[in-house]
Each structure stands twice: as C-alpha cells, then as structure tokens.
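User: Could you take a close look at one ligand site in this structure for me? I would like to see how the site is lined and what lies around it.

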Amino acid sequence: MSNQLKHLAIIMDGNGRWATNRGEKRVEGHKKGARVVDEITQWCVKESIQTLTLYAFSTENWKRPKYEVKFLMKMLEDYLESELEKYQKYDIRFYAIGDMERFSAPLKEKIAYTQEATKDNKGLNQVLALNYGARNELSRAIQKITNQLEGKSAEQIESLISSHLDTQEFGDVDLLIRTGGERRLSNFLLWQISYAELFFTPTLWPDFTPSELEEIIKDYKARERRFGGL
Ligand code: IPE
Ligand code: IPE
Ligand code: MG
C-alpha cells in the first residue's frame with residue numbers, strides 16, 4: 001500500500017545562489033522563486049493535496065541586509081494582492097503561520113484580509129510560514145497554556161501543545177522537502193516533523209519544477225513508514 005500525502009512542507013532555499021550564479025542580484029532569485037511558488041501551488045491543487053506549507057521568511061532572516069529584507073516584505077505584499085483572485089478561483093485557503101507582530105501594519109492587514117477572504121475555501125490549504133521559527137512558535141504555544149499545565153500528564157500536555165501551535169488545524173507533516181542542497185532544518189516545524197519523511201534536493205528553488213516534485217512524491221509513496229511499529 002502506498003503512503004497518503006496530506007501535508008507537504010517545503011523549505012524553499014537557494015534563491016540567492018540561483019541569481020548570483022547568473023550574475024544577477026539576489027533579489028532576482030526571489031522574484032523567480034515567487035513564480036515557482038505559484039506553479040507548485042497549482043500542481044498541489046491539481047493533485048488534491050490537502051495542505052502545502054512553505055517556508056518563506058524565518059525569524060532569523062531579519063539578519064539579512066536591510067535592502068533584501070525590505071524587498072522581501074514588499075514582494076510578499078504584492079504577492080498576496082495578486083494571488084487573491086487565484087485563491088478564489090481555485091478554492092485555495094490561505095493561512096499564515098509565524099509571529100506577525102513584527103510586520104508593518106499594512107502587511108499585517110493584508111495577511112489578515114487574505115486569510116479572512118479565503119477562510120471558507122475548501123480546496124488546498126496554502127500555508128505560508130512568515131517570520132516563522134519553530135522555537136518561537138513553541139514558546140508562544142507554551143505561553144498560552146501555562147495556566148492549564150498543573151496536574152496534567154505528559155501525554156495530555158503533548159496534545160495541549162499540538163493544539164496551540166500555529167499549525168493546529170493542519171496537523172503533522174507527512175513529507176518535508178528542502179531545496180538548495182543544505183541538509184538542515186533551519187528552525188522549521190520541529191514539532192510537526194517528528195515523523196515526517198525527509199527529502200533533500202540540490203536543485204535551487206527557482207529551478208524546482210512540478211515534475212521533480214512528482215518524482216519526490218513517488219519516492220515518498222514507496223517508503224515504509226513504521227511510526228515505531230513493525
Ligand atoms: C530562500 O533562498 C529564500 C529566503 C530565505 C527568503 P535564500 O535567499 O536563502 O537563497 P540562498 O540560500 O542564499 O541561495
Ligand atoms: C531557511 O533558509 C529559511 C527559508 C527558506 C525561508 P535560510 O537560507 O535562511 O537558512 P540557512 O541560513 O541556510 O540555515
Ligand atoms: Mg538560503
């Protein structure tokens with residue numbers, strides 16, 4: 001029997017290198033990367049995948065040069081604006097995970113507006129991780145439940161934590177892909193990937209295609225997931 005794939009998560013890495021390799025500015029890689037987000041999202045719609053979670057900006061990415069951060073913020077705003085029509089047309093629900101507090105008021109509003117406008121859509125959940133860090137997410141979850149912990153068993157606390165994470169509606173990840181050749185997690189979804197299958201590809205995100213994704217999913221489906229059993 002082949003594995004079901006409900007929740008696919010991707011660390012979209014390699015935009016900067018892609019552009020530098022072509023003698024272009026790093027931000028050109030982000031522009032091309034945004035188009036790939038669109039293609040991959042469309043493919044997931046077509047394949048009826050339930051949830052696609054994409055790492056777009058980490059809590060650590062503020063360390064980048066001001067110019068690049070500013071560019072990414074503007075791109076995100078433009079992206080949400082231009083996507084709304086597609087979200088509605090293809091019945092996609094948009095959802096953001098991460099700590100939105102650090103964003104500018106207009107960006108926060110755009111995120112909230114897009115989420116609200118698509119909340120009843122029943123097709124793919126496109127989850128964007130924005131100012132997201134797994135440690136930050138866990139810490140915020142723990143803040144919310146501190147007064148409920150006393151007298152609880154570890155098992156009960158485990159489900160309390162899961163149900164207070166930003167991803168609570170989407171559950172655990174089945175397959176995690178990282179493009180760009182690095183084999184690390186960079187503070188992404190640490191709790192939710194406990195039993196995910198991992199896949200690392202050297203392909204830089206702007207070169208990633210639906211057909212490579214299809215190959216990876218074929219590999220995933222053939223894997224034996226045991227979850228500690230036999
Ligand atoms: C990933 O690509 C996109 C973001 C982190 C916003 P990078 O910008 O990290 O590209 P490389 O890793 O420097 O090539
Ligand atoms: C991870 O990529 C974050 C995103 C893809 C948004 P980075 O390029 O920031 O990760 P490191 O710095 O190589 O670990
Ligand atoms: Mg990178």
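Analyst: In this predicted model, a side-chain N or O atom of Arg178 sits 3.4 Å from an oxygen atom of ligand 2. Two further side chains make polar contacts with this ligand: Asn61 places a polar side-chain atom 2.9 Å from a ligand 2 oxygen, and for Asp13 the distance between a side-chain N or O atom and an oxygen of ligand 2 is 3.2 Å. On its own, ligand 2 would expose 390 Å², and the protein buries 78% of that area.

The full set of residues around ligand 2 is Ile11, Met12, Asp13, Tyr55, Ala56, Phe57, Asn61, Arg64, Arg178, Arg184 and Ser186. Several of these names come up again at the other ligand. Around ligand 1 you will find Met12, Asp13, Gly14, Asn15, Gly16, Arg17, Arg26, His30, Ala56, Asn61, Arg64 and Leu72. Asp13 is a good residue to follow from one ligand to the other: a polar atom of the Asp13 side chain is 2.8 Å from an oxygen of ligand 1, while an Asp13 side-chain N or O atom is 3.2 Å from an oxygen of ligand 2.

Ligand 1 also has polar contacts with two arginines. Arg17 uses its backbone, with an N or O atom 2.7 Å from a ligand oxygen, whereas Arg26 brings a polar side-chain atom to 2.9 Å from an oxygen of ligand 1. Taken alone, ligand 1 exposes 380 Å², of which the protein buries 87%.

Now let's place the site in the fold. Arg178 belongs to strand β5, which covers residues 175–178, and Ile11 falls within β1, residues 7–11. Both strands are part of an open, parallel sheet of six strands, ordered β3-β4-β2-β1-β5-β6. At its edges are β3 (93–97) and β6 (197–200), each paired on one side only. From one strand to the next, the twist averages 20 degrees.

Strands β5 and β6 run parallel and are joined by four bridges; in this pair, Ile177 stands opposite Phe199 of β6. Helix α7, residues 210–222, packs on the sheet and touches β1, β5 and β6. The direction of α7 makes about 140 degrees with that of β5.

Stepping back to the whole protein, there are seven helices and six strands, which follow one another from the N terminus as β-α-α-β-α-β-α-β-α-α-β-β-α. The radius of gyration is 18 Å, close to the 17 Å given by the globule rule for 230 residues, so the protein is as compact as a globular protein of that length. If you are setting up a box around the model, the C-alpha trace spans about 60 × 45 × 35 Å along its principal axes.

Note on methods. Residues are numbered from 1 along each chain as its sequence is written. Chains are lettered from A and ligands numbered from 1 in the order in which they are written. This is a predicted model: local features need pLDDT of at least 70, side-chain atom pairs count only at pLDDT 80 or more; totals for chains, interfaces and linings use all residues. Side-chain values use heavy atoms; hydrogens and water are left out. Two strands pair if DSSP finds at least two bridges between them. Helices (H or I, at least four residues) and strands (E, at least two) are DSSP runs, numbered from the N terminus. Axes are lines fitted to C-alpha atoms, for helices over the stretch in contact, and angles run from 0 to 180 degrees between N-to-C directions. Contact means heavy atoms within 4.5 Å. A residue is near a molecule or strand if one of its heavy atoms lies within 4 Å of it. A polar contact is a pair of N or O atoms within 3.5 Å; within protein, one must be able to donate a hydrogen and the other to accept it, and residues adjacent in sequence count only if both atoms are side-chain atoms. Accessible areas come from the Shrake-Rupley method with a 1.4 Å probe; for residues, only the protein chains shown count as cover. The radius of gyration is taken over C-alpha atoms; the globule rule is 2.2 Å times the number of residues to the power 0.38.
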